[in-house]
Amino acid sequence: MICSLSEIGLDSKFQTEEDKKGIHVLGEKAKPGEDPVKYMGLDDEVIDFELTANRGDLLSILGMAYEVRCFI
């Protein structure tokens, strides 16, 4: 199966130069109708934080891990 990664909504920072110029060929196991982003394993979860000046504890990976853990 072939598709344009730009047309399916994949950000250009995740594409190779060849993919940006044309089409991407998916493997033999790709099924028509299946979500190509999920098939390629690019459907990760993203947590976006906006930090304020009074939250210096969130400027480290450990501080962010503590903050994320409190929501789970």
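This is a short walk through the structure you have open, stop by stop.

**Stop 1: the whole chain**

Start with everything shown as a cartoon, and keep in mind that this is a predicted model. You should find three helices and two strands. Follow the chain from the N terminus and the elements come in the order β-α-β-α-α.

Now zoom out. The C-alpha atoms fill a box of roughly 50 × 25 × 15 Å along the principal axes. What is the radius of gyration of the protein? It is 18 Å, whereas a compact globule of 72 residues would have one near 11 Å. Of the 72 residues, 19% count as buried. Switch on the surface if you like: the accessible part comes to about 6200 Å², and 55% of that belongs to carbon and sulfur atoms.

**Stop 2: the nonpolar core**

Hide the surface and select Cys3, Leu5, Leu10, Leu26 and Ala30 as sticks. These five residues make up the largest nonpolar core. Next, center on Cys3 and add Ile23 and His24 to your selection. Cys3 touches Ile23, His24 and Leu26, leaving aside residues up to four places away in sequence.

**Stop 3: a salt bridge on helix 1**

Move on to helix 1, residues 17-21. Show the side chains of Glu17 and Lys20, which meet in a salt bridge with 3.6 Å from N to O. Why are these two about one helical turn apart? Because they sit three residues apart in helix 1. As a rule, an α-helix has 3.6 residues a turn, so residues three or four places apart point the same way. Glu17 is exposed, at 53% relative accessible area, while Lys20 counts as partly exposed at 40%.

**Stop 4: two faces of helix 3**

Jump to helix 3, residues 61-69, and color Gly63, Met64 and Glu67: these are buried. Turn the view until you look down the helix axis. The buried residues fall within an arc of 100 degrees, so they line one face of the helix. Now pick a second color for Ile61, Leu62, Tyr66 and Arg69. These exposed residues sit on the face of helix 3 turned away from its buried side.

**Stop 5: Arg55 and its partners**

Keep Glu67 on screen and add Arg55. Their salt bridge has its closest N and O atoms 3.1 Å apart. The pair links distant parts of the chain: Arg55 is in the loop between helix 2 (36-39) and helix 3, Glu67 is in helix 3, and they are twelve residues apart. Add Asp57 too, since its side chain also meets that of Arg55 in a salt bridge, 3.1 Å from N to O. Which residues do the shared salt bridges join into one network? They are Arg55, Asp57 and Glu67.

Buried or exposed: how does Glu67 count? At 18% relative accessibility, Glu67 counts as buried. Arg55 is partly exposed at 27%, and Asp57 is partly exposed too, at 44%. With the pair from helix 1 included, a search of the whole structure finds three salt bridges.

**Stop 6: past the end of helix 3**

Finish by selecting Cys70, in the segment after helix 3. Cys70 is exposed, with a relative accessible area of 52%. Draw a distance from its C-alpha to that of Asp57 and you should get 14 Å, for two residues 13 places apart in sequence.

Key:
Residues numbered from 1 in each chain as written. Predicted model: local features only at pLDDT ≥ 70, side-chain atom pairs only at ≥ 80, totals over all residues. Heavy atoms only, no water. Core = buried A, V, L, I, M, F, W, Y, C linked by side-chain atoms within 4.5 Å. Buried < 20%, exposed > 50% of the residue type's maximum accessible area, 1.4 Å probe, protein only. Contact = heavy atoms within 4.5 Å. Helix = DSSP H or I, 4+ residues; strand = E, 2+ residues; numbered from the N terminus. Arc of directions from axis to C-beta. Salt bridge = Lys/Arg side-chain N within 4 Å of Asp/Glu carboxyl O. Rg over C-alpha atoms; globule rule 2.2 N^0.38 Å. Areas by Shrake-Rupley, 256 points an atom, 1.4 Å probe, with all protein chains shown as cover.
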